[in-house]
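Student: Could you take me on a close look at one small part of this model? I would like to see how a single side chain sits among its surroundings.

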Amino acid sequence: MSPVLFRVDAGFGIGLGHLNRCLSLASALRETGRDCVFLTSAEPAAQHRVETLGFVACSLDDAELGGPYDWQLTRSAANACDGDMVVVDSYHVGADFLRRLRDAGLLVVAIDDVADFTFPCQLVINGGICAESLPYRSSTRDTRFLLGTRYAMLRPEFWRCRPRTSGRQVREVVVTMGGADGLNLTPLVLEALDALPSDFGVTVIIGPFFKNRSEIEAVAERSHRSVNVVMDPDSISDLMLAAGLVVSAGGQTLFELATTGAPSV
C-alpha cells in the first residue's frame, strides 16, 4: 500500500492538537500496514515528536500556511513519497487548497473543527462533541462526513486506558494548557491554586511551544505548596490517572481526560 501524507499545522500560536490527533490516526493506519509521512512545522519540537513515533518528518520551511508555496510543498511531498492520499489538518487551508489536491489525483481527507466552507474533498472528519450540529456541505456531492465523538482521535496510550474511580480528597492537581499557552493562563492558574487552603501538590506541564516558561517557574518557586514542573513529556496518561483534579485548556486534551475519567476543570 502506498504511504499516506499528513499536512499538519503545529508550533507557536498553534500548539500540538492538530499534530497529536494526526499522529494518533497515523498510528492506527500503521497497524493496517500503511506507512505515513508528515509535512509540518520546521520547529524542532514538532519534527522530533513525529520522528520519536517512528514516522518520516518533512518541513514546511517558512511557507505561508495555506498559501501557494504551502500547496506546492504538499503536492511535492505526495509525489516524493509516491502517496495517493493526503490528510490535511489546518485552520489556514481552504476549499481551493483541498480542491487543487483532489484535482491532482489525490484522495483528500480534511480533519476539521468548524465547517466554515463547502468541502470539495472525498472525506471530512470532525470528532467534536457538537460536530453533527454544524452546517457541513459538499461542493462535489460525494464527500463523506464522519462526525461526532465516535471519530475522536486519541493517542495510542489512551486506546486501552481503563478509567479510574475518583477519591473523595484531592492530593494532586495537574495543570496543562496543551502544547502552547498563548493567553499566559498557567501562571494565573498556579496563583489561584496557591491561594486555596486545601493540602495538595501541583504538577504543571509545560508544552514545547510555551513562551512563558520563566514566569511559570518563578510562580512555582514562590508557591507555598509543592509544585512539580514537567517539561514536554512524551506521555501524560499516567499523570492524568494519578491526578485528583486536572485544570486544562480546551481541545484534544479534553477527550483524553474523559477517557481516563480524571475530574477536570
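**A close look at Thr260**

Tutor: Happy to! Let's start with a polar atom of the Thr260 side chain, which lies 2.9 Å from the backbone oxygen of Leu257. Keep in mind that this is a predicted model. The Thr260 side chain also reaches the backbone nitrogen of Ala262, at 3.3 Å. Now find Thr260 along the chain: this residue belongs to helix α8, which covers residues 252-260.

Is Thr260 buried or exposed? Thr260 has a relative accessible area of 0%, so this residue counts as buried, the cut-off being under 20%. Next, which residues does Thr260 touch, if we skip those up to four places away in sequence? They are Phe158, Cys161, Pro163, Arg164, Met240 and Leu241.

For some wider context, turn to the nonpolar cores. The largest one has 27 residues, and among those with the most contacts inside it are Leu5, Val86 and Phe119. Elements that each supply at least two residues of this core include β2 (36-40), β4 (85-89) and α4 (95-103). Helix α3 gives the most, with four residues. There is also a second, separate core of 25 residues, which includes Leu19, Cys22, Phe38 and Ile111.

Finally, try selecting Phe119 in the viewer. Leaving aside its neighbours within four places in sequence, Phe119 is in contact with several residues, including Leu98, Ala110, Val124, Tyr136 and Phe145.

Conventions: Residues numbered from 1 in each chain as written. Predicted model: local features only at pLDDT ≥ 70, side-chain atom pairs only at ≥ 80, totals over all residues. Heavy atoms only, no water. Core = buried A, V, L, I, M, F, W, Y, C linked by side-chain atoms within 4.5 Å. Buried < 20%, exposed > 50% of the residue type's maximum accessible area, 1.4 Å probe, protein only. Contact = heavy atoms within 4.5 Å. Polar contact = N/O pair within 3.5 Å; in protein donor to acceptor, adjacent residues only side chain to side chain.
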